[in-house]
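User: Please examine the model shown below and answer a few questions on its packing.
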Amino acid sequence: MTQVLTQPEATRWIERWDAQQEVYLPDREERFRALIDAVHECAGRSDPLVLDLGCGPGSLAVRLLGQIPAATVVAVDADPLLLELGRTAWAGLPSLQFAEQDLSRPGWPAALRLDRRPDAAVSTTALHWLRPDALRALYTEVASVLRPGGVLLNGDHLRRDEAAEPTLARLDRALIEREEHRRAPEGRAESWLGWWDAVRADPALAALVAERDRRAPEANHHGSPSGLLGVHEDALVAAGFAEVGTIWQRGENRLLCAVLRA
């Protein structure tokens, strides 16, 4: 008999997800707040339509709706397990819609069947796994659906080019490492890999794990050239965004903002 994932179980897994994310992002909540503040400032209306790209289980989307309750968030990801955790945990939020789409494949915005142009597209710790050519295509598609003057906000570890700026690149990394050591000198209880190992051991998630493995979403997740700040800046300019720059930063942990031409 197949076990059914319950809302309390999904919520528990997301709480563990959030905790292990802080191993790599000691300022995760601060970056969330900065991103949501930027949506508040730039949306131009009290009920913005927001795309959450690479949403995972919906951690950013839920925080955004907590601060902008009249918003609608369309949360997009290709990982069936993370999406099901989000759908189950946040089933009581009608303004949060999860959509299963592969952001590396052309045409994904049309599949969302949006009834108006989004005011903002947001993403956190998700787009660095795309190859540079796929990243350029993604930003071009986002630019094609955002309203004029809309914003794209991408929070991630975006590295400087070490060949061009070796000292600054080293300092960016060191600030994050030192901050994490101050906050958790004995280390965190669970890592990214530890979280996934625990998921695989849960019988209630076995079917979702099998489907995830079939799709192999982990390919090239770390170490992609799209972890470089310059790759994102160049791709956004090429996609037609008029202003591109970092609006919040702790070391290499950045919130990159791009404003579409009005």
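Analyst: Contact here means heavy atoms within 4.5 Å. The model is predicted, so local features need pLDDT of at least 70 and side-chain atom pairs count only at pLDDT 80 or more, while totals for chains, interfaces and linings use all residues. Residues are numbered from 1 along each chain as its sequence is written, and side-chain values use heavy atoms, with hydrogens and water left out.

User: Which element gives the most residues to the largest nonpolar core?
Analyst: A nonpolar core is a set of buried (under 20% relative accessible area, 1.4 Å probe, protein chains only) Ala, Val, Leu, Ile, Met, Phe, Trp, Tyr and Cys residues joined through side-chain atoms within 4.5 Å. The largest has 30 residues, and Val142 and Phe241 have the most contacts inside it. Elements (DSSP runs numbered from the N terminus; helices H or I, at least four residues; strands E, at least two) that give two or more residues are E1, E2, H6, H10 and E7. With seven residues, the leading contributor is H6.

User: Which residue of strand E7 or helix H6 does Phe241 touch, for example?
Analyst: Neighbours within four places in sequence are left aside. H6 spans 132-145 and E7 spans 253-260. Among the contacts of Phe241 are Tyr139, Ala143, Ala258 and Val142.

User: How are H1 and H8 oriented to each other?
Analyst: The axes (lines fitted to C-alpha atoms over the stretch in contact, with angles from 0 to 180 degrees between N-to-C directions) come within 9 Å and cross at roughly 160 degrees. Angles over 145 degrees count as roughly antiparallel. H1 and H8 are therefore roughly antiparallel.

Terms used. Buried < 20%, exposed > 50% of the residue type's maximum accessible area, 1.4 Å probe, protein only. Parallel < 35°, antiparallel > 145°, perpendicular 65-115°, else oblique.
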